[in-house]
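Here is a short, friendly briefing on the charged side-chain contacts of a protein chain. Have a look at the sequence and the model first, and then we will go through the pairs one by one.

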Amino acid sequence: MGTEQDLVAAEEQNMVARAVAGDRDAVAQVVRLLQDPLYRLALRMVWRPAEAEDATQEILLRVLDHLHTWRAEAKLLTWAYRIGVNYLLNLRRQTPQEAAQLSLDAYREGLADGLADADYRGPEAQLLTAEVRLTCSQGMLQCLARDERIAFVLGDVFELSSTEAAWVLDITPAAYRKRLERAKKRLGNFMNATCGLVDPAAFCRCSRRVDKALALGRVDPRKPVFAHHPVSAGGRTAAEAEQQMIHLHDAASVLRAHPDYAAPRAKMDAIADLLVSGRFPMLGEG
């Protein structure tokens, strides 16, 4: 009797074989399996949900275009991450932080500017504090170079092994570990000196950044971007992710503590429409 891992691998191979043979239900299964993890990857790299939706759609289309080349050399999701990472690292569009060449030092100075003397006590204080935390952790990631950012996301956010992450990036495990260590050191130093969630002696508190974030328009109290973002079925909510973070108190846990965001359904429905558009040869003889 095979292990559970062997059974999952066999199921994936059967699903992909059916998809490549033109089974549209199997192709839809592939999309459902990959869409949310790929969206979460894209969101960590491009910062804004709208851009992440576009990137996820493009990555999924590339996955489908190349599905016939998958030889089970890695799990299907790991293989799809490789396609997604290649796309995201070479994306011409820049995040605002990239365009401004914003460093972690400059980001720290921005957090210190306008920090309130007391916690925010206005309407929806808990929700807006969570929104500031999620927005801030997204922003600080963008201060890393893309190669460092993706190394950190794969290793310390998605918790891939160094062997898996190195395969995704097409580098040696030793080179990956060196890149990850560099990213962890930069973020760790920044957060130990800045973030009160990591070190109570640090100056910044999410609840004291709310007023400034509202004044700058970085948080919309009528439409929070991250705190109210849809999550995957059975996935962690913002509150559940925050509870996990509180027990750990380190840089990785803060940056990992986002909800299990779900890819917006409208974009995924658009992909479903493309599946029957004739673009994919594997679906020509369903």
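A good place to begin is Asp170, whose side chain meets that of Arg82 in a salt bridge, with 3.0 Å from N to O. Asp170 sits in the loop between helix H9 (162-169) and helix H10 (173-194), while Arg82 belongs to helix H4 (residues 76-89), so this contact ties together parts that are 88 residues apart in sequence. Please keep in mind that this is a predicted model. In total, the structure holds 14 salt bridges.

**Exposure of the opening pair**
- Asp170 counts as exposed, because its relative accessibility is 58%, over the 50% cut-off.
- Arg82 has 25% relative accessibility and so counts as partly exposed.

**A bridge between two loops**
- Asp119 and Arg208 also form a salt bridge through their side chains, at 3.2 Å from N to O.
- Asp119 lies in the loop between helix H6 (104-112) and helix H7 (125-141), and Arg208 in the loop between H10 and helix H11 (210-216), so the pair ties together parts 89 residues apart in sequence.
- Asp119 is partly exposed, with a relative accessible area of 30%, and Arg208 is partly exposed at 30% relative accessibility.

**A bridge between two helices**
- The side chains of Arg133 and Glu242 meet in a salt bridge of 3.8 Å, N to O.
- This pair links distant parts of the chain, with Arg133 in helix H7 and Glu242 in helix H12 (residues 238-248), 109 residues apart.
- Arg133 is buried, with a relative accessible area of 3%, whereas Glu242 is partly exposed at 23%.

**A shared network**
- Glu98, Arg146 and Arg149 are joined into one network by salt bridges that share partners.

Conventions:
Residues numbered from 1 in each chain as written. Predicted model: local features only at pLDDT ≥ 70, side-chain atom pairs only at ≥ 80, totals over all residues. Heavy atoms only, no water. Salt bridge = Lys/Arg side-chain N within 4 Å of Asp/Glu carboxyl O. Helix = DSSP H or I, 4+ residues; strand = E, 2+ residues; numbered from the N terminus. Buried < 20%, exposed > 50% of the residue type's maximum accessible area, 1.4 Å probe, protein only.
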